[in-house]
Structures are given as structure tokens and as C-alpha cells.
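Student: Could you walk me through this one, helices and empty spaces included?
Tutor: Gladly! Have a look first, and then ask away.

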Amino acid sequence: MRGLHTRREQLWDAAGLILKRNDMGGYSVPTRGLYPYQWLWDAGFVAMGWHLIDQPRAWKELDMLLRGQWASGMLPHITFHQIVDTYFPGPDIWQSPQQNPPTSGITQPPIIATALWDLYRNTEDTATVEPQARSMFQALLRYHRWLYEARDPDKTGLVAILHPWESGMDNSPLWDGPLSRIKPVAVPTFKRRDLNHVNAAHRPLDEDYVRYIYLLICLRNGGYVEPSLYYFAPFCVVDTGYNAILLRANRDLLAMAKALGEPETEITGWIDRAEKGFQRLRDGQGGFYAGFDVRAGVPLDVPVTSKYLTLWGGAASADEALYLAREFSESLGGTSYMAATFSPVVTGFHPQRYWRGPVWAILNWMLSEGFKDYGFKSEAARLRADVLQLVETAGFYEYFDPLTGVGCGGPDFSWTAAVILKILASE
Ligand code: GLC
């Protein structure tokens, strides 16, 4: 017992220390060096982690994030609170209409409403945080409204992403098909900065990077005018994981609306439409496709782990959840550490290259919560135990090799620390 107690305490303290070290005075960088700004979905996990050790600091994280919100309601994927020259592409490349503070021009998985509800429901004295919570609720309502108006103008119930980076899983094999149909033209030469910080074998390939920059330029040249970009951008994909995160975020936004006595109908409308929209993603076998390529009009049948986020989103029926649990174990159970981001039994699996195989702590945490919600306790426990083991042995890395447990990408990573705190707090 004593051993277990010590282990927990050590991990808890180490995780807290990482959040403190990555604190830039009100917002957190994901890791020093590689990612020197505030990222959208990182901030959501980080706020939930901070809340377990310093509640006012957690609220500050969201407050700083929302300062980057566009007049349209869009929440950008990076907020450049202060400019450094070690990151590409910076604000000079994005040229976004929001300049105070400057931001990128695309969004990321909408986890922030989930973070807000997590903070609010775990605050004892809600009266003191209520004014802030109410204004954040309004900001997130505007963000979700923007997502539907800009990214689902045909009202299918599911929103599209216009750049792979919007998925948060930047070079997932899921994008290979849609990206292969895109021919980048007139991309000015640029110098990647990520390779100055970490091993090139862990990062996306140059040929992918050219496409990322090409797509950025297309959106910028389109003046970031939505929803017309939905019809014209070369890359337009409905990502199952993204929509599952949005579905849960809408349920959490609804919980906030109830707690604050705010109107609910707009949010329940989004939830109803999304639940119907998921019909388009059902694979006819009992499970779900990982996405739908809107430009090509075809489902994306790729064995990426993000599709199991349907459980986190509560989009699956009880029968579907059973099917998904079986498929999950068959497809991903063969590695020493679960859950690889991409099935290790298919070609293209790469245990150390970014989103093409490695284990990510945030994904394990969300999947574990999803399995738990559907009553799959042992799957949930395995996902938590594996990530605790990985961090204990390798450190708080950005991601991990599922075969060897080696830590990859950036070290001392904020969201890895934050979800370890969440996991330890729930044990
Ligand atoms: C990478 C990840 C993205 C994350 C960012 C900062 O770009 O793919 O999901 O938000 O790093 O951690």
C-alpha cells in the first residue's frame, strides 16, 4: 500500500511541477521550445489539470484563451500572446483578422465547453465564479454557433474541418486519401522550425508539410470568409473524432445552460441534429467510419483510434458500443501499451511518427472515460493503467511508442501532465 501511495504522490507532484514550469503567466505552453504559444484544445485539458491543483489559475487559462476569439465566434487553434521566432507558421503567415492578440486562422477540437463544465461543476463556491462562467458560456455558445454556421451550412448535423491541423491529429493516416487528391501549387519556400527541436523521424514528412502550408494559403487567400470556404477549400472532411468531441461539448454546454438558467433550445437542437448526423458515419457492420470526405463524397474507412471517440461523445447505441469494444481490442490490443493511434496490424503503422501509431495520453484519457460511460470497466482501466505506466517509466512526453514505451516528441508536456492529474484524481 505504501509503495502505491508513494508512486501516486510522486506522479502527482511531478505533473503539477510541469504545469507550473510551462506557465507563461496565465496561459500554458504545451512544451517549451517546440510549441511556444497557447493551443486551443491543449488549453482545455490543461485547465482541467490546473483545476485540481490551483482553481483560480485554471479559470485564467480559459480566460486567456478566449481573448483570441474572433468577432465571428471562431476560436483559433493558436493564440500568439507574445511573438517568438522559433515557431513556423507564425502570425505573419496566418495574417488573421484578429490581431489583439494575433492568432492562427483555423480552429481545433472543441473541447473547451467540456473543460468549462468540468471547472464549474468541481467548484464548491460557484457564486464567486458565476459571472466569469456566464461570460465564458456565452463565448462558447457563439463558438459552437459559428461551427455550425461555417462548417455545416447544409445542416447535416456534423461539422467539417478544412485543414488536417483542425483535427488536432495533424498527420493522421486518415488524411492521406483526401490530401493525395490535392496538388499544391505556388507554395513559397519556407523553413520548418519543428525539426530544430525534436527528432525528424517523429515528425510529419516534408511532402505533408507542403500540403499543410498550401491549405493554409488557400484559406488565407479566401479571406477566412465562411461559409464560402466550406464549398471551395480543397480539403473538407467530416472527422468522426472531432464531431464526437463536439457532441460531448454540446452536452456539457447544455449542462452549463441548465446550471446557469440560460436558454437551452439552441443547444438541444445541435445535439438532436448531431445524433441524427452520425447516421452518415455508420459503417453498416455495427461500428463507425473514421470520417467522411465531403469533397470526394466517400466515407473514410481507416483504422484510426480516433473513431472510438464516438464513445466519449455518447454517439453509439449499447449494441454499437459492444461492437466497438470488441473491434477496439482486436484491432489495437496487440501492442505492449494501448492505445496506438493507428492499428498496428496494417501497413503504414509507425510506432514513433506523430499520429501514425504512438500512444497519446489525452486520447487514452478520453477513450477511458468513453468506455467507462458505457460500462466497459476493464477497457477503461487498461487505458489508464498503461498511460500511468508509460509516464512513470519514460516521463511526461508528448507521445509514446506503443511497442517499446519510449517517449517521443517534446518532453515535459502540459496536457500529458494534466490528464495524469485527472486520472490520479479519479482513482
Ligand atoms: C501538435 C498536435 C496538436 C497539438 C499541438 C500542441 O500540433 O498535433 O494536436 O494541439 O501539437 O500540443
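**Pocket, cavity, helices and loops**

Student: Which residues lie nearest the centre of the largest pocket?
Tutor: Keep in mind that this is a predicted model. The lining of the largest pocket counts 16 residues, and the pocket's volume is about 300 Å³. Those nearest its centre are D118, R121, N122, W365 and K422.

Student: Which helix gives the most to the lining of the largest pocket?
Tutor: Several helices take part: α2, α5, α10, α14 and α16 each supply at least two residues. By class, the lining has six nonpolar, four polar and six charged residues. The top contributor, with four residues, is α5.

Student: How many cavities of 30 Å³ or more does a search of the whole structure find, and what is the volume of the largest cavity?
Tutor: Rolling a probe the size of a water molecule over the atoms shows where empty space is left. Searching the whole structure at a threshold of 30 Å³ or more turns up one cavity. The volume of the largest cavity is about 320 Å³.

Student: Which residues lie nearest the centre of the largest cavity?
Tutor: Its lining has 27 residues, which divide into 16 nonpolar, five polar and six charged. Helices α2 and α8 each supply at least two of the lining residues. Nearest the centre of the largest cavity are Y35, W39, Y87, D170 and Y354.

Student: How far apart are the end C-alpha atoms of helix α2, and what span should its residues cover?
Tutor: Helix α2 covers residues 40-51, which makes twelve residues. At 1.5 Å a residue, the expected span is 16 Å. The model agrees with that, since the end C-alpha atoms are apart by 17 Å.

Student: Is α2 largely enclosed by the rest of the structure or largely open?
Tutor: A residue counts as buried under 20% relative accessible area. The buried residues of α2 include W41, F45 and W50, along with the charged D42. Twelve of the twelve residues are buried, so α2 is largely enclosed.

Student: Where on α11 do the buried residues sit, on the same side or on opposite sides?
Tutor: The buried residues of α11 are I267, W270, I271, A274 and G277. They cover an arc of only 125° around the axis, and therefore they lie on the same side. In general, an α-helix has 3.6 residues a turn, so residues three or four places apart point the same way.
On the question you asked, then, the answer for α11 is the same side.

Student: Which residues are exposed on the other side of α11, and which helices do the buried residues pack against?
Tutor: The buried residues of α11 have α6 and α10 as their packing partners. On the other side, the exposed residues are T265 and K276.

Student: Which peptide bonds here are cis?
Tutor: Most residues other than glycine have a negative phi, and most peptide bonds are trans. One cis bond leads into P101, in the loop between α4 and α5, with omega near 5°. Another leads into A339, in the loop between α13 and α14, with omega about -5°. The bonds are N100 to P101 and M338 to A339.

Student: Is K155, with its positive phi, buried or exposed?
Tutor: K155 lies in the loop between α6 and α7, and its phi is near 55° although the residue is not a glycine. Its relative accessible area is 56%, and the cut-off is over 50%. That makes K155 exposed.

Student: And what about Q95: what is its relative accessible area?
Tutor: Q95 is another non-glycine residue with positive phi, about 50°, and its place is in the loop between α4 and α5. Q95 is partly exposed, with a relative accessible area of 48%.

Student: How far apart in space are F328 and T268?
Tutor: F328 is found in helix α13 and counts as buried at 1% relative accessibility. Leaving out residues up to four places away in sequence, F328 touches several residues, among them Y308, M338, A339 and F371. T268 is 60 residues away in sequence. From C-alpha to C-alpha, the separation of F328 and T268 is 30 Å.

How values were computed. Residues numbered from 1 in each chain as written. Predicted model: local features only at pLDDT ≥ 70, side-chain atom pairs only at ≥ 80, totals over all residues. Heavy atoms only, no water. Expected span 1.5 Å × (residues − 1). Buried < 20%, exposed > 50% of the residue type's maximum accessible area, 1.4 Å probe, protein only. 1 Å grid on protein atoms, 1.4 Å probe; cavity = no way out; pocket = protein on both sides within 12 Å on 5 of 7 lines; lining within 4 Å. Points joined across faces, edges and corners; volume = space filled by probe spheres on them. Arc of directions from axis to C-beta. Contact = heavy atoms within 4.5 Å.
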